[in-house]
Amino acid sequence: MQTRLPFFGVVRVHGEDAAAFLHGQLSNDIQNLAAGQACYATYNTPKGRVIANMLVLNRGNDFLLVMAADLTEAVTKRLRMFVLRAKAVFEALPDEAVAAQLNDNAAPLPAQTPSLAFSAEEENGIWHITLPHQGRISIGNVSALPEYDAAAENAWNTHEIRSGYPWICAATSEAAVAQMLNQHTIGGVHFKKGCYPGQEIIARAQYRGQVKRGLAVLSSTTPEAAGITVHQSDEEAGIILNSALTAEGSINLAVIKHGAAQAALSDADGNPLHRQTLFFQTETD
């Protein structure tokens, strides 16, 4: 199973201060990310809300940021505002794309420990990365990547949803802090790296246990989409982040209130949402 993933866009960052600048803006340890390594990271507001989460690849002479395509322009514009005198240049790469490859019948693989960095290999100008959930992505010129395949994309999205690896897009930007998105578990946050926007809020949430929402897999008999509100009775209880189709309807990755984990949930139109998996502990666990 392989397919291009149109969900993603690619941004190049280069210049002699690129590593230091990204280190001061993102949640992972970019300064110590070696050439030929990649990592997950978040870019946050000062209040700790995740504007975008991304994959960061160190190619040796530059960095590639892979994130939702509908966020690349806004994120790049915001990061450029803080460059000041740093020698770091941001460049959108419209001719670069991301493709995925997944073994047939691959089982979900939720993170047990954070993967703060993982290896990447270059072959004929294409970078290949095996992600912690064992799916593989390739980054390179669109002409050298597999064609888009809707069924294969859906299988990939299903695998990431069931494994607990969310992706923020424009519809869900600033909807959650990092822990609500499982970033502390998958390796998107390095808690010893020093300051970055939102670091104080994220650290306080980690060490004082103040996060009251978490990641859950919810099934539905209807298709859902990113940004749809999750309800408990008539009250807001969360938001859907990612969705994939199933024979019965859809499987969805959502952020929900801890207190709603055992409750009857529905989408904004009243369609029932059924809990499949929680990626957080409740008081009754």
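Tutor: Welcome! Let's begin with three words for how much of a residue can be reached from outside: buried means under 20% relative accessible area, exposed means over 50%, and partly exposed is in between. Keep in mind that this is a predicted model.

Student: Thanks! Let me try that on one residue: how does Arg204 count at 27% relative accessibility?

Tutor: Since 27% falls between the two cut-offs, Arg204 counts as partly exposed. Now take Glu200, which has a relative accessible area of 54% and is therefore exposed.

Student: How many salt bridges does the structure hold?

Tutor: There are 7 of them. To read one, look for a side-chain nitrogen of Lys or Arg within 4 Å of a carboxyl oxygen of Asp or Glu. Glu91 and Arg12 make such a pair, with their closest N and O atoms 3.2 Å apart.

Student: Which parts does the pair of Glu91 and Arg12 tie together?

Tutor: Glu91 belongs to strand S6 (residues 89–92) and Arg12 to strand S2 (residues 8–14), so the bridge ties together parts 79 residues apart in sequence. Glu91 is partly exposed at 32% relative accessibility, and Arg12 is also partly exposed, at 24%.

Student: What joins the side chains of Asp62 and Arg59?

Tutor: They meet in a salt bridge, with 2.7 Å from N to O. Asp62 is buried, its relative accessible area being 7%, whereas Arg59 is partly exposed at 26%.

Student: Where do Arg204 and Glu200 lie?

Tutor: Both are in helix H5 (residues 199–208), 4 residues apart, about one turn of the helix. They form a salt bridge too, with closest N and O atoms 2.9 Å apart.

Student: Which residues do salt bridges that share partners join into one network?

Tutor: Arg12, Arg59, Asp62 and Glu91 are linked in that way.

Student: Next, empty space. How many cavities of 30 Å³ or more does a search of the whole structure find?

Tutor: Here is the idea: rolling a probe the size of a water molecule over the atoms shows where empty space is left. In this structure the search finds 3 such cavities, and the largest holds about 60 Å³ of space.

Student: Which residues line the largest cavity?

Tutor: Its lining consists of Phe8, Tyr40, Leu55, Val66, Val98, Leu131, Ile137, Trp156, Glu160 and Trp167. Sorted by class, 9 are nonpolar, none is polar and 1 is charged.

Student: Let's look at a helix. What should the 14 residues of helix H3 span?

Tutor: A helix advances 1.5 Å a residue, so H3 (residues 150–163) should span 20 Å, and its end C-alpha atoms are indeed 20 Å apart.

Student: Which residues of H3 are buried?

Tutor: They are Ala152, Glu153, Trp156, Thr158, His159, Glu160, Ile161 and Ser163. These buried residues pack against several strands, including S1 (2–4), S7 (96–101) and S10 (136–141).

Student: Can we end with Ala100? Where is its place?

Tutor: Ala100 sits in strand S7, and its 3% relative accessibility makes it buried. Its contacts, leaving aside neighbours within four places in sequence, are Met1, Gln2, Thr3, Leu5, Arg136, Ile137 and Trp156. Trp156 is one of the buried residues of H3, and Trp156 and Ile137 also line the largest cavity. For a distance along the way, the C-alpha atoms of Ala100 and Gln276 are separated by 25 Å, with the two residues 176 apart along the chain.

Methods:
Residues numbered from 1 in each chain as written. Predicted model: local features only at pLDDT ≥ 70, side-chain atom pairs only at ≥ 80, totals over all residues. Heavy atoms only, no water. Helix = DSSP H or I, 4+ residues; strand = E, 2+ residues; numbered from the N terminus. Buried < 20%, exposed > 50% of the residue type's maximum accessible area, 1.4 Å probe, protein only. 1 Å grid on protein atoms, 1.4 Å probe; cavity = no way out; pocket = protein on both sides within 12 Å on 5 of 7 lines; lining within 4 Å. Points joined across faces, edges and corners; volume = space filled by probe spheres on them. Nonpolar A, V, L, I, M, F, W, Y, C, P; charged D, E, K, R; others polar. Expected span 1.5 Å × (residues − 1). Contact = heavy atoms within 4.5 Å.
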